[in-house]
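I opened this entry to keep a record of what I looked up in the structure, item by item. The notes follow the order in which I worked.

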Amino acid sequence: METTLDWKETLITRMIRIAGYSAIIFVALIFIYLMREGLPALGEVPLSNLLSSRWYPIENYFGMLPLIGGTLLVTIGASLIAVPVGILTAVFIAEIAPQWAREILKPFVEILAGIPSVVLGFFGILILAPDLRRVLDLPTGLTALAGALLLAVTSLPTIVSISEDALYAVPKSFRDAAVALGVTRWQTIWYVTVPAARTGILTACMLGIGRTVGETMAVLMVTGNAAILPKGLADLFAPVRTMTATIAAEMGEVATGSVHYHVLFLIGIVLFVITLVVNLAAASVIFRQRKRAERILS
Amino acid sequence: MVNLALAWAEQYQKLHSEIRLSVTGGGSGTGIAALINHSVDIANASRQIKPEEIAAAKKNGVQPVEHVVARDAIAVIVNPHNPVNQLTLQQISDIYSGKTTNWAEVGGNNLVIVRLSRETNSGTHVYFLEQVLRLGQKDNKTLFAQDTLLLPSSEGITAEVSDNPHAIGYDGLGYITPDVKVVAVARDQASQYVLPSVESVNEFSYPIARDLYMYTIGEPTGAIRAYLEWIMTPEAQAITKTLGFVPIAIP
């Protein structure tokens with residue numbers, strides 16, 4: 001009897017261990033595959049071509065700068081919208097809203113996370129882009145701004161729910177102390193609660209931005225995909241072509257092993273590095289927060 | 001063209017379950033090369049066979065026979081409120097290469113032109129580049145203007161053109177919907193402006209059109225002959241329309 005139990009237990013422990021390691025193995029395999037398929041591009045295409053500002057792969061123009069610039073512009077635009085709105089929503093849900101409003105708001109924010117980005121893209125191409133063109137009097141509404149607005153919507157749920165958790169985690173004693181000092185509610189939120197939760201809020205923003213960088217379908221449909229190198233924030237009102245949209249639009253038809261194929265994987269590597277940096281930044285913030293908490297406890 | 005070949009094969013297998021057809025893509029050159037090597041029975045091509053390919057085939061003891069199976073026409077479309085009704089190929093080329101940037105230069109309103117194109121992986125894009133932007137000239141290296149919007153779907157182009165008076169777009173004739181305006185095109189200033197239609201494409205008067213081919217080894221016999229004969233039936237030709245191509249007029 002005892003031996004069978006032992007046998008079962010070892011099996012289960014083994015399986016759990018394999019499941020745990022498999023995540024690491026998958027990431028490593030994907031990374032190796034990306035490198036194997038993408039790095040040959042550096043040997044096949046001169047650096048001056050890769051760093052030029054013309055992307056037209058069927059005639060061997062492989063300038064990646066407009067694509068990197070497009071992704072950065074759309075991401076920055078989305079963050080400028082999503083970060084303030086997301087933090088304010090979280091503050092409202094966690095600190096101000098009465099119980100009944102909270103019970104309605106929270107599920108709605110979570111439903112927002114469940115909307116497929118293709119659906120958002122359709123909404124963008126049929127309603128948002130035409131309205132943007134009319135309201136702002138632009139030649140076309142298929143611009144970086146349309147992409148930024150849609151991506152702001154996709155990153156809002158992440159920012160709101162994680163910021164909200166951080167605000168809830170602020171000990172009640174902090175608020176009680178503020179009230180005891182005769183501080184108003186607004187001052188409590190602005191000077192006590194939000195600063196106390198700031199590392200959590202920062203993590204929320206980083207994760208939200210990380211999601212924005214990698215989002216594909218919605219931007220492919222609404223940003224117009226013209227590979228022009230953006231010069232500044234004013235180019236939010238012009239079309240851009242992002243890295244993800246380029247890979248999604250071109251990978252389907254490219255000949256395996258061709259120069260174009262390798263360059264698309266190189267773009268994948270650049271994208272991987274950008275998301276890795278954002279995630280590492282978020283992780284280091286969490287790590288610092290933990291150390292601080294340990295210091296307080298000791 | 002691979003989509004058309006696939007659709008035909010699929011439909012034909014439904015009617016004749018005893019026949020097995022398999023279709024692979026890769027481009028016209030790939031198909032013709034495979035035909036020369038005897039590895040396929042039919043090569044689909046969106047261009048005519050080249051003299052050097054015929055020579056290579058003859059060397060291998062293969063006599064390729066050409067069959068026109070459908071036609072492909074590209075319609076140039078603008079917003080219904082745009083007063084421009086007709087353009088020459090040169091004018092369309094100048095618009096898409098970025099030389100012409102305002103509708104007033106081609107007889108329209110004083111509006112900036114917004115150029116829409118299919119993505120570079122679409123056969124329509126390449127055909128438009130070669131036949132319209134470069135006017136069919138081999139050594140012409142004209143490129144699309146950098147601010148040309150590349151849209152991944154026909155729906156995207158139609159939605160933007162039907163809404164935006166700045167926009168110009170193009171797409172396979174079969175994909176054109178009634179909520180956009182089709183422009184009449186002339187080969188040059190001396191020729192007539194022609195609207196694309198099944199008739200004008202089949203009369204060869206509309207300038208942005210091409211034939212789609214199937215090549216066989218010698219005159220087809222047996223099952224291959226039956227398949228090619230079926231493709232010429234109204235039922236099979238109706239499939240071309242649903243995929244954006246133009247059916248050939250059956251005499």
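**Confidence of the model**

I began with chain B, which averages a pLDDT of 89, with 99% of the residues scoring at least 70. I note here that this is a predicted model, and that its scores are ipTM 0.80 and pTM 0.82. For chain A I read an average pLDDT of 89, and 95% of the residues score at least 70. I then went through the elements of chain A and found the lowest mean pLDDT, 82, in helix H13 (residues 259-297) and the highest, 94, in helix H4 (residues 65-96).

**Chain A as a whole**

I looked up the make-up of chain A next, and it has 13 helices and two strands. Along its principal axes the C-alpha trace of chain A spans about 70 × 70 × 35 Å. Of the 298 residues in chain A, 42% are buried. I also checked how far apart in sequence the contacting residues lie: among contacts in chain A with a separation of 6 or more, 73% join residues 24 or more positions apart.

**H7 and H10 of chain A**

For the helix pairs I wrote down angle and distance, because two packed helices are described by the angle between their axes and the distance between the axes. Helix H7 (residues 144-168) and helix H10 (residues 198-214) of chain A have axes 8 Å apart and pack at an angle of about 160°. H7(A) is therefore roughly antiparallel to H10(A), since angles over 145 degrees count as such. I recorded their crossing as right-handed.

Which residues of H7(A) and H10(A) meet? On the H7(A) side I listed Leu151(A), Thr154(A), Ser155(A), Thr158(A), Ile159(A), Ile162(A), Ser163(A), Ala166(A) and Leu167(A), and on the H10(A) side Gly200(A), Ile201(A), Ala204(A), Cys205(A), Leu207(A), Gly208(A), Arg211(A) and Thr212(A). The residues of this contact between H7(A) and H10(A) divide into nine nonpolar, seven polar and one charged.

**H4 and H5 of chain A**

I turned to H4(A) and helix H5 (residues 99-114) of chain A, whose axes are 10 Å apart and which pack at an angle of about 145°. The crossing of H4(A) and H5(A) is left-handed. From H4(A), the residues Phe92(A), Ile93(A) and Ala94(A) meet Arg102(A), Leu105(A), Lys106(A) and Val109(A) of H5(A). By class, I noted five nonpolar, no polar and two charged residues in the contact of H4(A) with H5(A).

**H2 and H3 of chain B**

In chain B I examined helix H2 (residues 28-36) and helix H3 (residues 51-59), whose axes come within 9 Å and cross at roughly 20°. H2(B) and H3(B) are therefore roughly parallel to each other, an angle under 35 degrees being the criterion. I recorded the crossing of H2(B) and H3(B) as right-handed. In H2(B), Gly29(B), Ile32(B) and Ile36(B) meet Glu53(B), Ala56(B) and Ala57(B) in H3(B). The contact of H2(B) with H3(B) has four nonpolar, one polar and one charged residues.

**Single residues**

I looked for positive phi values as well, because most residues other than glycine have a negative phi. Asn60(A), although not a glycine, has a positive phi of about 65°, and its place is in the loop between strand E1 (55-56) and strand E2 (61-62) of chain A. Asn225(A) also has a positive phi, near 55°, and I found this residue in the loop between helix H11 (217-222) and helix H12 (243-250) of chain A. Is Asn225(A) buried or exposed? With a relative accessible area of 0%, Asn225(A) is buried.

Ser284(A) lies in helix H13 of chain A and is partly exposed, with a relative accessible area of 33%. I noted that Ser284(A) and Thr203(A) are 81 residues apart in sequence, while their C-alpha atoms are 9.2 Å apart in space.

The last residue I looked up was Thr124(B), which lies in helix H5 (residues 123-133) of chain B. Thr124(B) has a relative accessible area of 16% and is therefore buried, the limit being under 20%. Leaving aside residues up to four places away in sequence, Thr124(B) touches Ile74(B), Arg118(B), Tyr170(B) and Gly172(B).

Conventions:
Residues numbered from 1 in each chain as written. Chains lettered and ligands numbered in written order. Predicted model: local features only at pLDDT ≥ 70, side-chain atom pairs only at ≥ 80, totals over all residues. Heavy atoms only, no water. Axes fitted to C-alpha atoms, helices over the stretch in contact; angles between N-to-C directions. Helix = DSSP H or I, 4+ residues; strand = E, 2+ residues; numbered from the N terminus. Parallel < 35°, antiparallel > 145°, perpendicular 65-115°, else oblique. Left-handed = near helix turned anticlockwise from the far one by under 90°. Contact = heavy atoms within 4.5 Å. Nonpolar A, V, L, I, M, F, W, Y, C, P; charged D, E, K, R; others polar. pLDDT = per-residue confidence, 0-100. Buried < 20%, exposed > 50% of the residue type's maximum accessible area, 1.4 Å probe, protein only.
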